[in-house]
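Please open the structure in your viewer and keep the selection tool at hand. The tour proceeds from one selection to the next and states what is found at each stop.

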Amino acid sequence: MEDQLLKWKLRRGSKEALAQVYQKYIDSMLTLAIGLLNNRASAEDVVQDVFLSFARSARDLRLQGSLRSYLMTSVLNRVRDRRRRLGRQALRTDAAEPVDPACESAGPEQAAILAEEAIRLNGAIAELPDEQREVVLLRLKANLKFRDIAKLQQTSIGTVLGRYRYGLDRLRSLLNGEVEP
Amino acid sequence: MRPRKDVEQIIRTKLNLVFDAPRRDELLARALHEQEQSWKTEPARAEPVIRRMIMNSPIVKLGIAAVIIAVLGIGIVEFLGTGGTSGVVWAEVAKNVEASPSVIFRARGTGSRDPNDDWPNAYRIFWRSAALDRADWYRNGQIHRTIYTNLDTKTLIGVLHDHKMYNKEALSDERVQQARANKGWTDPQDLIKMALSLEHHALGQKTINGVLCEGIEATGPDGGTARLWAGVETGYPVLVEIEGIKGGIRTTGTMDQFRWNVDLSAEGIEPEIPAGYEPL
């Protein structure tokens, strides 16, 4: 309901609606991009490109589904473009720089704990093969359905479910005892 | 080893990264600027493929202006090459359309970028004059949107009947200027002028809703077509059909149920907000 109203207002050039979409989704987009790239600077570039492009084309929005899915899928596609453009080697070098999470809304002490946990999580997720990492992040951070992820990966739901299970199992062993739920 | 559910929960709740405040503000400012620029520089992006196809060539755009001036200003053309046996003088049709201060009509369409994608279940009724514009959107026989603009008072009213909500906002001078310059693909006057200015051939006569009409079919440089049917006796358009294929997608638009030269006033067409509707 809320997204429908936002889309309606965006098509009429509402700045307030764009600002609302921004506040609602920008951090989730960044979290997904960092998870996929394991590099904060590159992830910020990706999110910036996606959102500016969205702002330019918002008046033409003819979107049936949710804004969240649309924006998250746009982030994924931009990350894939970047991978293709830079090549795997460049990305590995790119990813060598550790993620520096900003936790503006938390107090200094809590922020430090959250930052440490996020670094560990990202480090573990970065260990996964690309396909497993995409499935895990799209499912858990973008809230996409498995059948939609299957379409994005151009494969069967069975394969996607398999990647999800393998990914979680690998994370279970990597994170064992390190981060409390 | 912790259960899978724990890992899922950890990622859902603990993996949350945010922009730092200056970067966040900077990006939002840039996004708002981009949004504003998109309204300034591309006023006609909501139009369907067919109109863009017809208008694609800059030569055609310039040619249209020249031909309209020739047809309407000098008045030397009688049939615009549509055949001497015709009962319709197309120059008169062009003149009638141009002179009509207001019009009411229905518009339907299909195509990936078309706002009426679910035709034939959806259509819009338009009330148009130079300063006033109202569109009622229907789906499955039920009204679900009303959009009204008054360019003189610079106001926009939107009513979301399906959500029982409404929105009233002031239009900036820029948006008023854009709206005056381009009313979008559903501007029959613009389309008719365009069709008459392009290469076209006669379609003969047929009766549409009890009115004897005569038609022409115009073809744009990219193969898009526009068919215009006008009443033999009245000299006013009765039906406009546009069609084209681009990027493998067939796009169509239909305008009919025309009422030309009606007396539109803001008092008559400004939507009333039904009781119980909440502001957006």
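Begin by selecting helix H1 of chain A, residues 2-10, in this predicted model. Which residues of H1(A) are buried? They are Asp3(A), Leu5(A), Leu6(A), Lys7(A), Trp8(A), Lys9(A) and Leu10(A). The helix is thus mostly covered, with seven of its nine residues buried.

**The nonpolar cores**

Next, select Val21(A), Met29(A), Phe51(A), Phe54(A), Leu171(A) and Ile11(B). These residues have the most contacts inside the largest nonpolar core, a set of 61 residues. Helix H2 of chain A, residues 15-37, gives the largest share of this core, namely 13 residues. In soluble globular proteins, nonpolar side chains tend to be buried together.

Keep Phe54(A) selected and display its surroundings. Leaving aside residues up to four places away in sequence, Phe54(A) touches Leu10(A), Leu18(A), Val21(A), Leu61(A), Leu67(A), Tyr70(A) and Leu71(A). Two residues already met on this tour appear here: Leu10(A), which is buried in H1(A), and Val21(A), listed among the core residues with the most contacts.

For a second core, separate from the one above, turn to chain B. This core has 33 residues and includes Val88(B), Val103(B), Ala135(B) and Leu198(B).

**Where the chains meet**

Colour the two chains separately and look at the boundary between them. How many residues does each chain bring to the contact? Chain A contributes 61 residues and chain B contributes 47 residues. Together the chains bury about 5500 Å² between them, and 59% of that area lies on carbon and sulfur atoms.

Now select Trp8(A), Arg59(A) and Arg172(A). Within chain A, these residues lose the most area to chain B, together 14% of what that side buries. Trp8(A) is also one of the buried residues of H1(A).

Consider polar partners across the boundary as well. Between chain A and chain B there are 16 residue pairs in polar contact, with both residues at pLDDT 80 or more. To see which helices of chain A take part, select H1, H2, H3 (40-57), H5 (108-126), H6 (130-140) and H8 (157-175); each supplies at least two residues of the side that touches chain B. That side of chain A is made up of 29 nonpolar, eleven polar and 21 charged residues.

**Salt bridges**

Over all chains, the count comes to 21 salt bridges. Four salt bridges cross the interface of chain A and chain B.

Select Arg23(B) and Glu44(A). Their closest N and O atoms are 2.7 Å apart, and the two residues form a salt bridge. This pair runs from helix H2 of chain B, residues 21-41, to helix H3 of chain A. Are these partners buried or exposed? Arg23(B) counts as buried because its relative accessible area, 15%, is under the 20% cut-off. Glu44(A) is buried too, with a relative accessible area of 9%.

Next, select Glu34(B) and Arg56(A). Their side chains meet in a salt bridge at 3.0 Å, N to O. This pair also crosses between chains, from helix H2 of chain B to helix H3 of chain A. Here Glu34(B) counts as buried at 19% relative accessibility, whereas Arg56(A) is partly exposed at 35%.

For a salt bridge within one chain, select Lys95(B) and Glu92(B), whose closest N and O atoms are 3.8 Å apart. Both residues lie in helix H5 of chain B, residues 90-99, three residues apart, about one turn of the helix. An α-helix has 3.6 residues a turn, so residues three or four places apart point the same way. Lys95(B) is partly exposed at 37% relative accessibility, and Glu92(B) is partly exposed with a relative accessible area of 37%. Then add Arg40(A) and Glu26(B) to the earlier selection of Arg23(B) and Glu44(A): salt bridges that share partners join these residues into one network.

**Two loops in chain B**

Finally, select Lys154(B), in the loop between strand S4 (142-150) and strand S5 (155-160) of chain B. Its phi is near 55°, a positive value in a residue other than glycine. Most residues other than glycine have a negative phi, and most peptide bonds are trans. Lys154(B) counts as partly exposed, at 33% relative accessibility. The last stop is Lys164(B), in the loop between S5 and strand S6 (165-170) of chain B. Phi of Lys164(B) is also positive, near 55°.

Notes:
Residues numbered from 1 in each chain as written. Chains lettered and ligands numbered in written order. Predicted model: local features only at pLDDT ≥ 70, side-chain atom pairs only at ≥ 80, totals over all residues. Heavy atoms only, no water. Buried < 20%, exposed > 50% of the residue type's maximum accessible area, 1.4 Å probe, protein only. Helix = DSSP H or I, 4+ residues; strand = E, 2+ residues; numbered from the N terminus. Core = buried A, V, L, I, M, F, W, Y, C linked by side-chain atoms within 4.5 Å. Contact = heavy atoms within 4.5 Å. Buried area = accessible area lost by both parts, 1.4 Å probe. Polar contact = N/O pair within 3.5 Å; in protein donor to acceptor, adjacent residues only side chain to side chain. Nonpolar A, V, L, I, M, F, W, Y, C, P; charged D, E, K, R; others polar.
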